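Biologist: I'd like to learn how to read a protein–RNA model. Could you walk me through it, feature by feature?

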Amino acid sequence: MLDPKWIRENPDVIAEAGRLKRISVDMPAYLALDKKHRQILTEVESSRAYLKAESKKLGKLSPEDRELALGDQKERKLVLQKLEAEEQLLRKELHLLAMKLPMPPAPEVPEGKDDTQNIELACVGTPPVFSFTPKTHIQIGEELDLLDIPRGVKLAGSRNYLLKGELALLEQAILRMAVDHMVKRGFELVSVPMLVNRECMEGTGYFPGGEEQAYLAERDDLSLIGTSEVPLTSIHAGEKLDEANLPIRRIALSPCFRREAGTYGKDTKGLYRVHQFWKVEQVVIGPHDLEWSLQEHRAILANATDFLDLLELPYRVVNVCGGDLGQGQVQKFDIETWMPSRNSYGETHSASRFHDFQARRLNLRYKPSSGGKPLYCHTLNNTVIASPRVLIALLENNQNEDGTVRIPSALQPFFGAKTLGKNIRA
RNA sequence: GGAGAGGUGGCAGAGUGGCCGAAUGCACUGGUUUUGAAAACCAGCGUCCUGCGAGGGACCCAGGGUUCGAAUCCCUGCCUCUCCGCCA
């Protein structure tokens, strides 16, 4: 959500934002509606002021005099009611339009229409060269009897899977390692609801627009989260925080649910695009300060790349171009990890900064220590790790010729062994 | 799931149709007094929208309704508490 006053004064900036982000924006329509709404609002308010003042006088009149004055009041009330209905309708329309306006991207965001035009910022590690024909994660998992996709599909449809035994344990090990990694860096682990209300989905920018991507529990008007960014960012919605308590840095470990509507035929094989996965997500809520926000964006990016370094995986970081940015994002860095079976880097992390976009929708503010009006917070988030997607990289990059998988040393204490698959083969 | 009670300003808490944007206490801010502090006393003290301003409007959980007029009456929803039942 953008500041209504600012919208009025900067329609061109928003139109340009729409162009850069490939989001259709009709600023003339918005401005016309806004103007009309404010006109009616003024009428409603002055009419209401008159009626209110007259009513007060009525209260002091004798019963006989009152009867005489009532007729006029009733008539005016009818007129007001019509105006009020009109005003309410306009307000709703306007709000809906405002909810869909794009946040302008930062100047350092490259122009481009989709992910092929993202700019590589860094490339770390070297994709492995195999002296044998490498297997895909599916082959590795199935041959070790640790992965069962057909039965996952039997239970819940396409894009479902079963991880078994050591592979399921490996998943837990990575998630726990990620949690520890972040707790060491001062992030507070929060266990959050996975089923949230509409306010959370709208507040973080997923609704309206993203309803198709979410599993809805319609009877209770709740949605399954696609990421714990939603509950984590919404925790202090409607509150006025103390500046002294900022920034708030938190992580959550949660399952994530995505319908993946409109991706039929895309990434249908294996564990890359699935309906349900685990993710450790980092969310930071801070002051309304651009410099701070920029720094923090780099910091949460580093939290993730440092973790990939510990996992000894090759990856690259890209500066996401305008056309690949979401409505609310000001800038986004994606981390893509090398996946031999794809013969390319695949997106595993996404670090976004929002300025006050989410904070406005959530009505999330703080009292500045220096006094003065409450300000909207800035919010940011990034993945720490998402599984099973990271397992693709881990299994494929570290596979041995005999079909077992080497476990990176930092992960060994969490997994409890140096190799995956050994115990089964022995 | 059944029965009951309730949601008012930072907190506590009064307020059953006009004199209520809301008593009172606590907290907070400024002042007087004091070597300093405490106490006492005096004064101030909600948020948001709109307007250059004077001002106007909205808000007593939320949404509807009754009424010339609603914190107050009616309906619906949400939330909290107590008792009973059930349960990982």
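Modeller: Happily! This is a predicted model, and a good place to begin is the side chain of Lys52, where a polar atom lies 2.9 Å from a phosphate oxygen of RNA strand B.

Biologist: How do I read a distance like that, and which cut-off applies to a polar contact?

Modeller: A pair of N or O atoms counts as a polar contact within 3.5 Å. Gln88 offers another case: an N or O atom in its side chain is 2.9 Å from a phosphate oxygen of RNA strand B. For Lys74, the distance from a side-chain N or O atom to a phosphate oxygen of that strand is 3.2 Å.

Biologist: Which elements give two or more residues to the surface near RNA strand B?

Modeller: Those are helix 3, residues 27-60, and helix 4, residues 63-100. Helix 3 supplies the largest share, with 8 residues.

Biologist: Now let me step back to the whole surface. Which residues come nearest to RNA strand B?

Modeller: There are 19 residues around the strand, and Lys52, Ser55, Lys74, Lys77 and Gln88 come nearest. It helps to look from the RNA side too: of the atoms of RNA strand B that come within 4 Å of the protein, 68% belong to sugar and phosphate.

Biologist: And how do the residues of that surface divide by character?

Modeller: Into 11 charged, 4 polar and 4 nonpolar residues.

Biologist: Let's try a pocket. What volume does the second largest pocket have?

Modeller: About 350 Å³. A volume says little about who is there, so to speak, and the lining comes next. The second largest pocket is lined by 16 residues, with Met1, Leu2, Pro4, His95 and Ala98 lying nearest its centre. Helix 1 (4-9), helix 3 and helix 4 each give two or more residues to this lining.

Biologist: How many of the lining residues are nonpolar, polar or charged?

Modeller: The lining of the second largest pocket has 8 nonpolar, 2 polar and 6 charged residues.

Biologist: Last topic: sheets. In what order do the strands run in the open sheet of 3 strands?

Modeller: The order is 8-14-15, and the pairing is mixed. Strand 8 (240-242) and strand 15 (375-376) are the edge strands, each pairing on one side only.

Biologist: In which sense do strand 8 and strand 14 pair?

Modeller: In the parallel sense, over 3 bridges, with strand 14 covering residues 365-367. To find one bridge on screen, pick Lys240: its bridge partner in strand 14 is Arg365.

Key
Residues numbered from 1 in each chain as written. Chains lettered and ligands numbered in written order. Predicted model: local features only at pLDDT ≥ 70, side-chain atom pairs only at ≥ 80, totals over all residues. Heavy atoms only, no water. Pairing = 2+ DSSP bridges. Helix = DSSP H or I, 4+ residues; strand = E, 2+ residues; numbered from the N terminus. Near = heavy atom within 4 Å. Polar contact = N/O pair within 3.5 Å; in protein donor to acceptor, adjacent residues only side chain to side chain. Nonpolar A, V, L, I, M, F, W, Y, C, P; charged D, E, K, R; others polar. 1 Å grid on protein atoms, 1.4 Å probe; cavity = no way out; pocket = protein on both sides within 12 Å on 5 of 7 lines; lining within 4 Å. Points joined across faces, edges and corners; volume = space filled by probe spheres on them.
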